[in-house]
Amino acid sequence: MKKIVILSLLIATASSGIAQQTTEKFPLGQYEELKDTKPHDGAEVWNKIQAPTLLSWGTTDIRYKKLDVPNIKKSVSSFQMKAWKGERVNAQAVLWTKTDLKGVKVEVGELKNGSAVIPASAIQTNFVRYVMTDELNKDRKGGCGNRENKAEWDSSIVADALDIVKIQDIKANTTQPIWLNVWIPADAKSGKYKGTLKISGEGMKNMTLQYDIQVSNRVLPEPQQWKFNLDLWQNPYSVARYYQVPLWSKAHFDAMRPIMKMLANAGQYAITTSIMHKPWNGQTEDHYDSMVTRIKKIDGTWEYDYAVFDKWVEFMMNEIGINRLISCYTMIPWDLSFDYYDEATNRVLFIKTKPGDKEYAEYWGTFLKDFSKHLREKGWFEKTAISMDERPMEAMREAIKVIKQADPEFKITLAGNYHPEIQQDLYYLSIPYGNLFPEDVKKEREKKGQISTVYTCCTEAFPNTFTFSEPAEAAWTTLHAVAGGYDGYLRWAVNSWTLDPLRDSRFRTWAAGDTYSIYPGPRSSIRFERFIEGLQDCEKIHVLREELQSKGNKAKLDKLNKLISRFTPEGLSETQQDPSDMVREIHSLLNNM
């Protein structure tokens, strides 16, 4: 049977909810989690629960442990939320059982507000699945560094992935969280909507939970209209490997489509492209290849093939709807080695050179002149930037010279340390968490229409989106970008999957979960959904600030700004407040203004 047929069967199985056990290498439907070897509650603890199976609303701030009785003193059968029109809201229910349950499924119907209805199609439920994670470095100051020997790191399973399989068997003495997401239609009538979540299965009686959503008169713009500049780097190569499909084939694009739609629905701003072989020296499980083919002709002239680049960009812009920036990485790779196909020898060769060298200027200058012409013919030049990350200032200076000589109108981006000597040349500059743009520089960049953002990576112990990070940290991170006066946020990976991402988020170089927050399937995650919550709050802040300023309501504006100002390293250390409490507090204020 061909691989594409196998892929189709797997997707069909996942969508139909047929519970099947599989030990395949690249599961897309049902799969079996790794075992947790950490100490957990024994039978003597589980036998004390009041009934064979219990169900309650929990909180989205907790990753409930799979093999422990949840710390829920009294079952909560009803839950209330508030939302703007166009907003997505989350809740987490918790099912725990001391008996085996088979064929458990979750059902939700439409939400009703008198004659007004939010359709069931706007409501998603997912069984929360468990993935192997590890820990911060031994000094607790971050998550960077070699982790080849997994035995050296304290590992355990944690709740994170939101499964697409709709029927699950649940073993005795197990906790099973259930995620609820409601995307309020932008044209919904305001008012209180009531709904029910029902759980059924063999070995249990039917159980229900009630929930209400108070929909306000305010409307959240569509994600691609958000003012926040979101830049999560995509990895198409990991999708081809995991889905076992040929690169850039129809099956490859079919597999990527729902994954990239999730990014578009989060307000993603930029398309990640690679214009050279291994721009980051193959740091991920699936390295990036060049989307541009360079050919050195027998007569010494150069020819360039943009077929892959064009196909990827057209897909992202026209089918996915991400069309505001094309980031092209990179002119300064970690390993200063540059590929090309040499007609004279019929081989792929590499030039070893560095910024400032004559060979470097020739290799890149010739390409950039042709690339500029191609981009202008496609109508993409104004949206394209030559992008680099974490490179020394002198190397950047030399690269900028080559870019400007090729076409002075090229946009340039950098994710790296702030360098006053070159910041004026950078259309888009993202600096590390904990750093700030000088106020006068930030204002000047705004006047010029330049973008100034913040990024996090493995360096930060907090805030982060490791699989062991507190869920609220994902939302806290985006709110920090607003508090710090940035235009947005960058993170280097959203789907650079590990070898076995559904079961094991640990990686050989960084703390677990650093390389992805969307799982194959595609499956969202607790981290990704909380991240979207934060992004929505950022847009709410933008909307409310404009409204309050236009109305001259200084008291409310000051109250809002004072609370936002605490989402900084300084504000956090001064208040010693839990990030979950901080996020809940700002969310409540935004929904009640």
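A cavity, as I use the word, is a set of points on a 1 Å grid over the protein atoms alone where a 1.4 Å probe fits but cannot get out, and its lining residues have an atom within 4 Å of a point.

I note that this is a predicted model, in which local features need pLDDT of at least 70 and side-chain atom pairs count only at pLDDT 80 or more, while totals for chains, interfaces and linings use all residues. Residues are numbered from 1 along each chain as its sequence is written, and side-chain values use heavy atoms, with hydrogens and water left out.

**Entry: cavities**

I looked up the enclosed spaces and found 3 cavities of 30 Å³ or more, where a volume is the space filled by probe spheres set on the points, which are joined across faces, edges and corners. The second largest holds about 40 Å³, and Val-106, Thr-125, Asn-126, Phe-127, Val-165 and Lys-166 line this cavity. Strand S7 (residues 123-133) gives the largest share of that lining, 3 residues; strands (E, at least two residues) and helices (H or I, at least four) are DSSP runs numbered from the N terminus. I sorted this lining into 3 nonpolar, 2 polar and 1 charged residues, counting Ala, Val, Leu, Ile, Met, Phe, Trp, Tyr, Cys and Pro as nonpolar, Asp, Glu, Lys and Arg as charged, and the others, Gly among them, as polar.

The largest cavity contains about 110 Å³ of space, and of its 14 lining residues the closest to the centre are Leu-232, Thr-465, Arg-491, Ala-493 and Ser-517. Helix H10 supplies the largest share of this lining, 3 residues, and the classes are 7 nonpolar, 4 polar and 3 charged.

**Entry: two helices**

I then followed helix H6 (residues 358-378) and helix H7 (residues 393-406), whose axes come within 9 Å and cross at roughly 40°; axes are lines fitted to C-alpha atoms, for helices over the stretch in contact, and angles run from 0 to 180 degrees between N-to-C directions. H6 and H7 are therefore oblique to each other, a word left for angles that are not under 35 degrees (roughly parallel), over 145 (roughly antiparallel) or 65 to 115 (roughly perpendicular).

**Entry: backbone**

I kept in mind that most residues other than glycine have a negative phi, and most peptide bonds are trans. Even so, a cis peptide bond joins Tyr-329 and Thr-330, with omega about -5°, and Thr-330 lies in the loop between strand S17 (325-329) and strand S18 (337-342). The bond from Gly-521 to Pro-522 is cis, with omega near -5°.

How values were computed
1 Å grid on protein atoms, 1.4 Å probe; cavity = no way out; pocket = protein on both sides within 12 Å on 5 of 7 lines; lining within 4 Å.
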